[in-house]
Amino acid sequence: MQLLPALDSAYQTVLYDDAVASGWSTDYSWGSITQGATTSTKVYGASSLQVSSAADSALALGANGQALSTSTYAAVSFAIHPGTASLAAIKSLKLIVSQEGVDGNAGVAIGSYASPSFDSLGADDWTRVTIPMSALKGSLTTFNKLTLMAVTAVSYGMDGMALELPRLPALDPSSMTVLYDDAVVSGWSTAYSWGGTTLVSDTASKAYGTASLKVTAPANSAMALGAFGSSIAVANTTAVSFAINPSTSNLTAIQALKVIVSQEGTDGNAGVAIGAYANPSLGSLAPGQWTRIKIPMSALKGGLTTFNKISVQSASAVAYGIDGIALENGSTPPPTGVGKTYPTGVAYRGINRAGMEYGSDWGGWTGQTYYEVPSSTQITSELAYYKGKGFNLIRLPIAWERLQHTLNGPLDMAYSNGMMNYINLATAQGFSIVLDLHNYNRYATGAFDDAGNQTGGYAQHVIGDGTLTVNHLADVWTKLANLVKTNPKVILNLMNEPHDLPMTSTSWFSGIQTVMNAVRATGSTQLILVPNSRASDVGHWNTWAPGGGPVDSVAALSITDSANNYAFDMHSYYPEGYGSNDESSYGAQLTVVTNWARANGKKLFLSEMGIRTQESYAQGQITNALTFMNNNRDVWIGWSPWDLTYWQLTTNNHTADYTSNGSTPVNWYAAYLTANFLAL
């Protein structure tokens, strides 16, 4: 029997576990439906709900008179037991959110949102269904009813229904110095608090560990941690962060709290109000929910070069919980389980493995006929080659149309199995895999017929054209995330090279935020690569403003991530030729976006790079670019050159046929690779 994750009151508002939560009721169920508690099968507590529903009937939990914000909750989830019911009937159950009779949308079929999948369940197994609020809410801003509607007659068990809150990122001692988690770290003290502030350990509400600090602060007082007599270099700290729980305090007073860094009484500046630095936003929090504040050191330091005290100052009387106080050092290690990190320079050094995305002209690559889903034998041979050269990452481009023949439809089994075979074989050997949806912000409807055969009668669509929407992108990424979310070595590249969009950059990044939220609602905490609106190239980052909106480098600052694990996806071929960057060298070409990232506390990944093979300056400029990224590894976390004519690493036509003309060495990047690194 498969074990499901336990219910977690810190991140879930539980609506049913043995009994319906106070304020909610199942009396809003309708049609011919029966329900009752049963102790014979359950996944949480002592009992579950056994539901028998006729066709076009529904189990519904409502809290009429309430209005819960759709922006507060990341997802709706519940455990379900199909029993002996038809799996087709179970999969077609539709979840609907509504507010006083106004539905968010027509309902989302639960079939694709189960983990483990319905098809993998044993006779007595339960599974957990998690559906992102982004897929459910439609145009609703509030809701107070959840309905599970049966399309055909069906019986099932239901347990542990919950509203999912965004999860805070875990504390990571490899990338931060934790000053408080259950206790203050040695060498630091809260004795430097002033103005009558009181601090009490609180085990009833916490974001990390077993306890938090409950702070009660009069007006013009402060909670402060100090390590007097020591000096911490400002240059070694990228941000100050902590979790905070406003509890019942006035939000205006909470948002006005100011963080100040100082050295022996000399302040960096007059303080930075925390209101704009919360993720999730302070205004969107559910009662009792925590959020994390992260303020860049660049905004705090003023003229300081060192500091040894952090103060949270209150302008008016306020009480709040605080937990997980940390100094962030900006390093970005690979996800847990990825294997060794290179001892110097960027963490990820990889290669693009082209092939699974091509063989059509719907993506704008007319005439590119090379396409294959490599066999296990071929993959094994390739991996040995890449490992021998010293790569620790492979970027795997895939085609949306091949993966999902119809929008919102199921994933094609043969194609997704081939994709998963490559992922599983590669990650088992220690490689990280960048799963790259290589579609340029486009999708060709009609590219495959009902039998799954490729056709020529397709119609190309771009997100925002009235047919293709960001919710379609969220749907396919939800299904992909559910396939790979348990593998920490998989990195999610949301879209390759979006371009010529019928929207502003503000709308583009808002849409990407929706997709990120949908991915996180599955439980995935994997690294996400965020594309920009102009082919992800570095040359347009500070200049491109589609639709008359702001430039990408401004609009991108709206991106937040509940897992705090994302980087901006960048592409740069040398020379760019756009005239918007200094092209005196490959490193100079990367300088503007590097400075932006450092000033704003962001990370970058160069997922495509290269120079045409025939250029005499190729070796020198590749060396220049990789040296530059190694020297700026507080910003750059990795690179993966393109390996298809004319920018290939080798003298082959593409990565898959490296043995077709004998053993061909990887020359240009050799100085930055360590042979058999993953085997060391």
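**Group meeting: the barrel and its aromatic residues**

Let me start with one residue, Trp 477, which, leaving out residues up to four places away in sequence, touches Leu 435, Leu 437, Leu 492, Asn 493, Leu 494, Val 515 and Val 519. Please keep in mind throughout that this is a predicted model.

Trp 477 belongs to the largest nonpolar core, which has 85 residues, and it is one of those that touch the most other members, together with Met 419, Phe 568, Met 609, Trp 636 and Trp 639. Another core, of 42 residues, lies apart from that one, and includes Leu 121, Phe 143, Ala 150 and Met 161. As general background, nonpolar side chains in soluble globular proteins tend to be buried together.

Turning to the fold, eight strands close into a barrel with parallel pairing, in the order β31-β32-β33-β36-β37-β38-β39-β40, and the twist from one strand to the next averages 30 degrees. Helix α8, residues 470-484, lies across β32, β33 and β36, and runs at about 160 degrees to β33. Within the barrel, β38 pairs with strand β39, residues 604-610, in the parallel sense over six bridges, and in β39 it is Glu 608 that serves as the bridge partner of His 571.

I would now like to look at the aromatic rings, for which the count comes to 13 pairs. In one of these, Trp 541 and Phe 568, the ring centres are 5.6 Å apart and the planes stand at 55 degrees, so the pair is classed as tilted. Because Trp 541 sits in the loop between β37 and α10, while Phe 568 is in strand β38, residues 566-573, the pair ties together parts that are 27 residues apart in sequence. Both Trp 541 and Phe 568 are buried, and ring pairs link these two with Tyr 566 and Trp 596 into a cluster.

What does Ala 556 contact, once its neighbours within four places in sequence are left aside? The residues are Phe 509, Trp 541, Phe 568 and Trp 596. Ala 556 itself lies in the loop between α10 and β38, and with a relative accessible area of 0%, against a cut-off of under 20%, it is therefore counted as buried. Between Ala 556 and Phe 568 there are 8.9 Å in space, C-alpha to C-alpha, the two being twelve residues apart in sequence.

One last item concerns a charge and a ring: Arg 534 lies over the face of Trp 544, at 5.5 Å from the ring centre.

How values were computed:
Residues are numbered from 1 along each chain as its sequence is written. This is a predicted model: local features need pLDDT of at least 70, side-chain atom pairs count only at pLDDT 80 or more; totals for chains, interfaces and linings use all residues. Side-chain values use heavy atoms; hydrogens and water are left out. A nonpolar core is a set of buried Ala, Val, Leu, Ile, Met, Phe, Trp, Tyr and Cys residues joined through side-chain atoms within 4.5 Å. Buried means under 20% relative accessible area, exposed over 50%, partly exposed in between (1.4 Å probe, protein chains only). Contact means heavy atoms within 4.5 Å. Rings of Phe, Tyr and Trp (its six-membered ring) pair if their centres lie within 6.5 Å; planes under 30 degrees apart count as stacked, over 60 as edge-to-face and the rest as tilted. Helices (H or I, at least four residues) and strands (E, at least two) are DSSP runs, numbered from the N terminus. A charge sits over a ring if NZ of Lys or CZ of Arg is within 6 Å of the ring centre and within 35 degrees of the ring normal. Two strands pair if DSSP finds at least two bridges between them. Axes are lines fitted to C-alpha atoms, for helices over the stretch in contact, and angles run from 0 to 180 degrees between N-to-C directions.
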